[in-house]
Amino acid sequence: MKTRETHPPLLPPLLSGSNSDLPDHAALAALRAWYAGVPTRDAVVRYLPGSVWQGRSVRRVISDIRRQLIRCALARHCDDLAALFAHRTAERVKHARRVAHAIEALRIAAVATPSITDPIQRWLPPRAVRALHAHGIATLAELTLRIPRRKQWWKAIPKLGQESARQIEAFFAAHPALTDRARALIKSTGSPIVVPWENVRLPHEIDGSCGVFRAPRETCALDANNDYDAVQTWLSLHESPSTQRAYRKEAERLILWAIVERGRALSSLTTEDAIAYRAFLRRPTPRERWVGPTRPRTSPQWRPFTGNLAPRSVAYSLMVLGALYRWLIEQRYVLANPFAGVKVRGTEPPAALDASHAFTEGEWLLLRTIAEGLEWSYGWKGDAAQRLRFLLDFAYATGLRASELVGVTLADIRTDAQGDHWVNLVGKGQKIGKVALPPLAQSALDRYLIERRLPVSPERWEPAVALVPSLNAHSTDGLSTVRLWAILRRFFKTTADLIEADNPAFAVKLRAAGPHWMRHYVPFRIMSGSVIELRDRPRITGRKASVLKRSPDIISRA
């Protein structure tokens, strides 16, 4: 019986992460000759001794060298170079010059340190990767949870094999920090690595209790012993729920990014980390780990981002984080602010007022026309359609923010001595103010009160009744801000689907629209005794003049 002699692979799989993973000089010489147009057999025979490739086809030898270069590029996070080596064989001469430059670049490029978020194909041999992918394992973090401390663990993964298992074990033995970080961030149930921070359990190395830039403990004004508790104290300073949610989102994103991508605590971040985070905000990657549709925090599909951030949003995030660090310095919790001086280009105030996030007269009329037939043509319930039409008219006429609109009750609607109607409210920054009710808002209110079977006369109003009610029969509360957004976004999407064939540009605009877009006209707003106009409104209508004529005392204050 004949036996076939087997030979070790030409190039060992990349496991160590050292510079020795590059093909040797003879292999690279054969590859260069092949790229120069020399026939494959001639290139291999000329530069590689027969004992190296005996038992293999010459094509397999060249393919192994190229695969090894791809693994080298991935190990250095040079994905663009890895793609260059993956061209078709018939195009080798065309790519010869760029491949030569790529090989020289790999010689001087440093091998990246493995991160728990890295895909397994970046570090492990192809045979093992195929078996792991078939078993639903895509990242190093997920792999650490499938390697129990017992013998023959690989038998639970079909087609993995003992040899591949030993290579994987050797890789994790060379990088023990991977296992600690992964187990700190992922629950054994297999939930995503990026989870809401209340579900994260961190070891002392990265929870901030031993942060590099922590100030001396004896001078700190906080009882907090780690970064999470310090940030929670900062959030508790802000009593507004909407402010807390906005600031928590920015702090949570940074903490998760610092742990997952940098392996550091919040109190250990450097200025270089802050610059890298700015780039990350513009394009969160890998997207499957960081970006997803809006989901509840309890959902396994929850992600910190819903998409790339615009320059203005990036600037806002950096502003909030800068304020957080300044407060931590004031409390003597940390010594330095890594976000000091980190700015975003392209966020200067525009020379002209930006009206891109507002509806034109024609667009508004189209929206109202469709809204009139919601219950008859588009399946909305009658009370839901009535509430939607009221929201459109009242919000469009008054310019109230979503958070202000849901907080108004009938007791907040007043009539002054001149007979002008106003909405008294607590605005942004907890400023007490009032907004004039123009005729459109007043008529919309009267009509909606009749539809709700409530008295129109203010003398007969129940003061605690919410202006925008919940339709839940078991609830007496008004809408939440989140629910208000959902209602209007549903309507905008319905309208976009209807008009897309005839007006695709407006359909695109509607799919990006939110409640803030209805703040189109400038209402008259008084905050703390002075007149304030809403700056984000593209134009002023005659209502301002009419209010001024009826209120000469306001003119004098302006």
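This note goes through the predicted model in numbered points, from the chain as a whole to two helix contacts, the aromatic pairs and one loop residue.

1. Overall make-up. The model is a predicted one, and its chain has 24 helices and 5 strands. Of the 558 residues of the chain, 46% count as buried. Among the contacts in the chain with a separation of 6 or more, 61% are accounted for by residues 24 or more positions apart.

2. Helix 1 against helix 2. Two packed helices are described by the angle between their axes and by the distance between those axes. For helix 1 (residues 25–35) and helix 2 the angle is about 155°, and the axes lie 8 Å apart. Angles over 145 degrees count as roughly antiparallel, and helix 1 and helix 2 are therefore roughly antiparallel to each other. Their crossing is right-handed.

3. Residues of that contact. From helix 1, the residues Ala26, Ala29, Ala30, Ala33 and Trp34 meet Thr40, Ala43 and Tyr47 of helix 2. By class, the residues of this contact divide into 7 nonpolar, 1 polar and no charged.

4. Thr40. This residue belongs to helix 2, which covers residues 40–47. Thr40 has a relative accessible area of 19% and is buried, the cut-off for that class being under 20%. When residues up to four places away in sequence are not counted, Thr40 touches Trp34, Val58, Arg59 and Ile62; Trp34 also appears in the list of helix 1 residues that meet helix 2.

5. Aromatic pairs, beginning with Trp34. A search of the whole structure finds 13 aromatic pairs. In one of them, the rings of Trp34 and Tyr35 have centres 5.1 Å apart and planes at 75°, so the pair is edge-to-face. Trp34 counts as buried at 2% relative accessibility, and Tyr35 is likewise buried, with a relative accessible area of 3%.

6. Phe491 and Phe492. These two residues form an aromatic pair of the tilted kind, with 5.9 Å from centre to centre and 50° between the planes. Phe491 is buried, its relative accessible area being 0%, and Phe492 also counts as buried at 0% relative accessibility.

7. Helix 16 against helix 21. Phe491 and Phe492 are also among the helix 21 residues that meet helix 16. The axes of helix 16 (residues 361–372) and helix 21 (residues 481–499) come within 11 Å and cross at roughly 100°, which makes helix 16 roughly perpendicular to helix 21. On the helix 16 side the contact involves Leu366, Leu367, Ile370 and Ala371, while helix 21 brings in Phe491, Phe492, Thr495, Leu498 and Ile499. Sorted by class, this contact has 8 nonpolar residues, 1 polar residue and no charged ones.

8. An aromatic cluster. Elsewhere in the sequence, Trp257, Tyr277, Phe280, Trp290, Phe305, Tyr325 and Phe339 form one aromatic cluster.

9. Arg217. This residue is found in the loop between helix 10 (177–185) and helix 11 (227–236). With 42% relative accessibility, Arg217 counts as partly exposed, a class that lies between the buried limit of 20% and the exposed limit of 50%. Once its neighbours within four places in sequence are left aside, Arg217 is in contact with Ser209, Cys210 and Asn225. Arg217 and Val334 are 117 residues apart in sequence, whereas their C-alpha atoms are 9.8 Å apart in space; Val334 is not in the list of residues that Arg217 contacts.

How values were computed: Residues numbered from 1 in each chain as written. Predicted model: local features only at pLDDT ≥ 70, side-chain atom pairs only at ≥ 80, totals over all residues. Heavy atoms only, no water. Helix = DSSP H or I, 4+ residues; strand = E, 2+ residues; numbered from the N terminus. Buried < 20%, exposed > 50% of the residue type's maximum accessible area, 1.4 Å probe, protein only. Contact = heavy atoms within 4.5 Å. Axes fitted to C-alpha atoms, helices over the stretch in contact; angles between N-to-C directions. Parallel < 35°, antiparallel > 145°, perpendicular 65-115°, else oblique. Left-handed = near helix turned anticlockwise from the far one by under 90°. Nonpolar A, V, L, I, M, F, W, Y, C, P; charged D, E, K, R; others polar. Phe/Tyr/Trp six-rings, centres within 6.5 Å; stacked < 30°, edge-to-face > 60°.
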